[in-house]
Amino acid sequence: MERLQAAFDKLLRETTSTFHRYMYNRIDWNARIVGLLGPRGVGKTTLVLQYIKENLPRKESLYVIAEDLYFASHTLVDLADAFARTGGKYLIIDEIHKYKGWSRELKLIYDYHSELHVFFTGSSILDIYKGVSDLSRRVLTYEMQGLSYREYLSLFHQIELPVYKLQQILNQEVELPQGFLPLQHFPDYLKRGYYPFRDNNFERYIMNVVNTTLEVDIAQYADLTPATIRKLKRLLAIIAQAAPFKPNFTQIGGQLEVSRNNIADLCAWLEKAGLIGQLRDSTGGIQGLGKVDKVYLDNATLIYVLGNKNTEIGTIRETFFYNQMRVMTDVISSRISDFEIDGKTFEVGGKKKKQKQIQNAEQGYVVKDDIETGYGNIIPLWQFGLTY
């Protein structure tokens, strides 16, 4: 316990509080069990440590990583028992998806220790509803994504912009701060701004995120064989070179020598882990009920790291729009254009994009890159990065 507390102290000393992710003030931290899920590398650990440092009494708090050597000879319940005996009230467990049987033990902790508040982080592949059947009624979960363009501007350039709702953007209500050039930093955001990390080894870091997601997070949680992991990597490589594309699972299955249904399952794992996005024709969201219409890499940064260096700018634009919009809204494919949100149709392109694709839409908008401000139903692409 002393070693765990010492490691916790070190992490708190290294945690800064100059920037908070969008999820910080949305979480109900007073709930008995709170889970923060999301793709690897988007800042879940930092957010939780910031909250502890700024709001919780240090002597009543304990942070542990679920793969700590402590758990080679102890269980989560053992830890909770020992911590509660010393007057502990706030137990924080990081990367809980790496602990086998986590859901059953969380339920026991909930039942045995009414005095404890438990916070945990986990990969977005973790499915609360496939754990203990009644744990889902006890835990309050949130899903966090990578940086929006607004957050990127704040973190890396100290440029502060308010959050705008989609309807405000469509109503042309976005106000530019004095001297702000919205396109000055937009290309850099697309290339390397989705993850809250910046140094000379950025591409290597992203590759480590991808490989660890495939080889550890998905592999352990889904209990995949080494052969299946290799096929998962090959599938991601195919998607990276071709996205966005209309999926032909039968054809891809032939390339990987697996069945059509298995390809759909592998894509579902990649989607839940935050490596790809699957645009459906209805009922959007992760593993929605609609038919998959297009497959994208999850975000523009992944395209630059994993995809073809000559990736078309149109792919980048569509990926950015879909990635940013799906955090706060339900995005589906459009029968006549690129995307549909709440009955509104969106056609994404460059500044020369015309109105042809949306001329029959009841509520149609042209989303143009390379323009600073819009007019009428023409909306600048960068503004869709201000919704969170």
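**Exercise 1. Place Pro244 in the fold and find what Pro244 touches.**

Solution.
- Pro244 sits in the loop between H9 and helix H10 (249-256). The model is a predicted one.
- Set aside residues up to four places away in sequence. Pro244 then touches Lys294, Val295, Tyr296, Thr315 and Glu318.
- Now look at Phe120. Pro244 and Phe120 are 124 residues apart in sequence, and their C-alpha atoms are 34 Å apart in space.

**Exercise 2. Describe how H9 and H11 cross, and name the residues that meet.**

Solution.
- Two packed helices are described by the angle between their axes and the distance between the axes.
- Helix H9 covers residues 226-242 and helix H11 covers residues 260-272. Their axes come within 10 Å and cross at roughly 75°.
- Angles of 65 to 115 degrees count as roughly perpendicular. H9 and H11 are therefore roughly perpendicular to each other.
- From H9 come Thr228, Leu232, Leu235, Leu236 and Ile239. They meet Ile263, Leu266, Cys267 and Leu270 in H11.
- Sort these contact residues by type: 8 are nonpolar, 1 is polar and none is charged.

**Exercise 3. Which residues touch the most other members of the largest nonpolar core?**

Solution.
- In soluble globular proteins, nonpolar side chains tend to be buried together.
- The largest core here has 95 residues. Ile239, Leu270, Phe321 and Phe384 touch the most other members.
- Helix H8 (residues 202-222) gives the largest share of this core, 7 residues.
- Another core, of 26 residues, lies apart from it. Among its residues are Leu4, Ala66, Ile93 and Phe120.
- Return to Ile239. Leaving aside neighbours within four places in sequence, Ile239 is in contact with Phe245, Cys267, Leu270, Ile276, Val295, Tyr296 and Leu297.

**Exercise 4. Find the edge strands of the sheet S2-S3-S4-S1-S5.**

Solution.
- This open sheet has 5 strands, with parallel pairing.
- Strand S2 (61-65) and strand S5 (139-143) stand at the edges. Each has a single partner strand, so one side of each is left without a neighbour in the sheet.
- Neighbouring strands are turned by 15° against each other on average, direction ignored.
- Check one pair. Strand S1 (residues 33-38) and S5 pair in the parallel sense over 5 bridges. Leu36 has Tyr142 in S5 as its bridge partner.
- Add a helix. H2 (residues 44-55) lies across S1, S2, strand S3 (90-94) and strand S4 (117-123), and runs at about 145° to S1.

**Exercise 5. Work through the sheet S8-S9-S10-S11-S12, then ask of S10: are its residues buried or exposed?**

Solution.
- This open sheet has 5 strands and mixed pairing.
- Strand S8 (331-333) and strand S12 (378-380) are the edges. Each has a single partner strand, so one side of each lacks a neighbour in the sheet.
- On average, neighbouring strands are turned by 35° against each other, direction ignored.
- Start with S9 (residues 339-341). S9 and S10 pair in the antiparallel sense over 3 bridges. Glu340 has Thr345 in S10 as its bridge partner.
- The hairpin of S9 and S10 has 2 residues between the strands. Asp342 there takes a positive phi near 50°.
- Move on to S11 (residues 364-368). S10 and S11 pair in the parallel sense over 5 bridges. Val348 is matched with Val367 in S11.
- S11 and S12 are also parallel, over 3 bridges. Val366 has Ile378 in S12 as its bridge partner.
- Now answer for S10 (residues 344-349): 6 of its 6 residues are buried. Lys344, Phe346 and Val348 point one way. Thr345, Glu347 and Gly349 point the other way.

Technical notes: Residues numbered from 1 in each chain as written. Predicted model: local features only at pLDDT ≥ 70, side-chain atom pairs only at ≥ 80, totals over all residues. Heavy atoms only, no water. Buried < 20%, exposed > 50% of the residue type's maximum accessible area, 1.4 Å probe, protein only. Helix = DSSP H or I, 4+ residues; strand = E, 2+ residues; numbered from the N terminus. Pairing = 2+ DSSP bridges. Axes fitted to C-alpha atoms, helices over the stretch in contact; angles between N-to-C directions. Parallel < 35°, antiparallel > 145°, perpendicular 65-115°, else oblique. Contact = heavy atoms within 4.5 Å. Nonpolar A, V, L, I, M, F, W, Y, C, P; charged D, E, K, R; others polar. Core = buried A, V, L, I, M, F, W, Y, C linked by side-chain atoms within 4.5 Å.
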